[in-house]
Amino acid sequence: ASSTVSSTLHVGDVSRLTGFVSQASSTVSTGVFNVGSASLGVGSSTPTQELGVAGDVYVDLTLGVATSTASQELGVVGSALFQEKSGTTTIGINSTGTGVGGCIQLRNTNGNLVRIYAGATTTKGYLVVESGDCTKGL
């Protein structure tokens, strides 16, 4: 048995790879890709976690972190930490549509929704904090 994949590997249903696979130039999975108890490295031959990715990641639909039922394009169950090794840690919330902008929605301790957004400087001031839902008009 060879440990080298010399052409494209297409997976159309539930699949399980056991053992060692190397030098795959392209892998396309349209079903479940099960690595088992090993680690999967993307752009890395020595991943230190179950999934190690070195480089960029593109997700076309939704990405769930600690959830398999993400309700938005990015769904995170639990806390998130953004940390920069040097310089300023930046989170950008940007909308390119006309008359719309970025909004942060929080639930306060009473269970009510609060939204924070940058208002037009001529009407509301710069940073607006008010009761409400980000999916409603700002």
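Guide: Before we look at any strand, one definition will help: two strands are said to pair if DSSP finds at least two bridges between them. Please also keep in mind that the model above is predicted.

Visitor: How many helices and strands does the protein chain have?

Guide: The general idea is to begin with a count of elements, and here the protein chain has zero helices and 11 strands. Read from the N terminus on, the elements therefore run β-β-β-β-β-β-β-β-β-β-β, a strand being a DSSP run of at least two residues.

Visitor: Which three strands form an open sheet, and in what order?

Guide: The order is E9-E10-E11, and the pairing in this open sheet is antiparallel. Strand E9, residues 103-107, and strand E11, residues 127-131, stand at the edges with a single partner strand each, so one side of each has no neighbour in the sheet. The neighbouring strands of this sheet are turned against each other by 20 degrees on average, direction ignored.

Visitor: How many bridges join E9 to strand E10?

Guide: Five bridges join E9 to strand E10, which covers residues 113-118, and the two run antiparallel. To follow the pairing by eye, take one residue and look across: Cys-103 stands opposite Tyr-117 in E10, and Ile-104 has Ile-116 of E10 as its bridge partner. Between the strands of this hairpin there are five residues, and in the hairpin Gly-111 takes a positive phi near 90 degrees.

Visitor: Which residue of E11 stands opposite Arg-115?

Guide: That residue is Glu-130, and the two strands concerned, E10 and E11, run antiparallel and are joined by five bridges. As a general point about such strands, side chains in a regular strand alternate between the two faces of the sheet.

Visitor: In what kind of contact do the side chains of Arg-115 and Glu-130 meet?

Guide: They meet in a salt bridge, with 2.6 Å from N to O; this pair qualifies because the rule asks for a side-chain nitrogen of Lys or Arg within 4 Å of a carboxyl oxygen of Asp or Glu. By this rule the count comes to one salt bridge. Since Arg-115 lies in strand E10 and Glu-130 in strand E11, the pair ties together parts that are 15 residues apart in sequence.

Visitor: Is Arg-115 buried or exposed?

Guide: The idea is to compare the relative accessible area with a cut-off, and buried means under 20%. Arg-115, at 8% relative accessibility, therefore counts as buried, whereas Glu-130, with a relative accessible area of 22%, is partly exposed.

Visitor: Which residue has its backbone oxygen 3.1 Å from a polar atom of the side chain of Arg-115?

Guide: The backbone oxygen in question belongs to Asp-133, a residue found in the segment after E11. Asp-133 is buried, with a relative accessible area of 18%, and a polar atom of the side chain of Asp-133 lies 2.8 Å from the backbone nitrogen of Thr-135.

Visitor: What share of the 138 residues of the protein chain counts as buried?

Guide: The share is 9% of the 138 residues, and with that figure in mind we can turn to the surface.

Visitor: Which residues form a nonpolar patch on the surface?

Guide: The patch is formed by Val-42, Leu-51, Val-53, Val-57, Val-59, Leu-63, Val-65, Leu-74 and Val-76, which together have about 730 Å² of accessible area. Strand E6 (51-53), strand E7 (63-65) and strand E8 (74-76) are the elements that give two or more residues to the nonpolar patch. As a single case, consider Leu-74, which is found in strand E8 and is exposed, with a relative accessible area of 54%.

Visitor: Where is Thr-67 found?

Guide: Thr-67 is found in the loop between E7 and E8, and Thr-67 is partly exposed, with a relative accessible area of 22%. To place this loop residue, one can compare separation along the chain with distance in space: Thr-67 and Gly-78 are 11 residues apart along the chain, and their C-alpha atoms are separated by 9.5 Å.

How values were computed: Residues are numbered from 1 along each chain as its sequence is written. This is a predicted model: local features need pLDDT of at least 70, side-chain atom pairs count only at pLDDT 80 or more; totals for chains, interfaces and linings use all residues. Side-chain values use heavy atoms; hydrogens and water are left out. Helices (H or I, at least four residues) and strands (E, at least two) are DSSP runs, numbered from the N terminus. Axes are lines fitted to C-alpha atoms, for helices over the stretch in contact, and angles run from 0 to 180 degrees between N-to-C directions. Patches are made of residues with over 30% relative accessible area and no salt bridge: like charges are joined within 9 Å, nonpolar side chains (Val, Leu, Ile, Met, Phe, Trp, Tyr) within 5 Å. Accessible areas come from the Shrake-Rupley method with a 1.4 Å probe; for residues, only the protein chains shown count as cover. Buried means under 20% relative accessible area, exposed over 50%, partly exposed in between (1.4 Å probe, protein chains only). A polar contact is a pair of N or O atoms within 3.5 Å; within protein, one must be able to donate a hydrogen and the other to accept it, and residues adjacent in sequence count only if both atoms are side-chain atoms.
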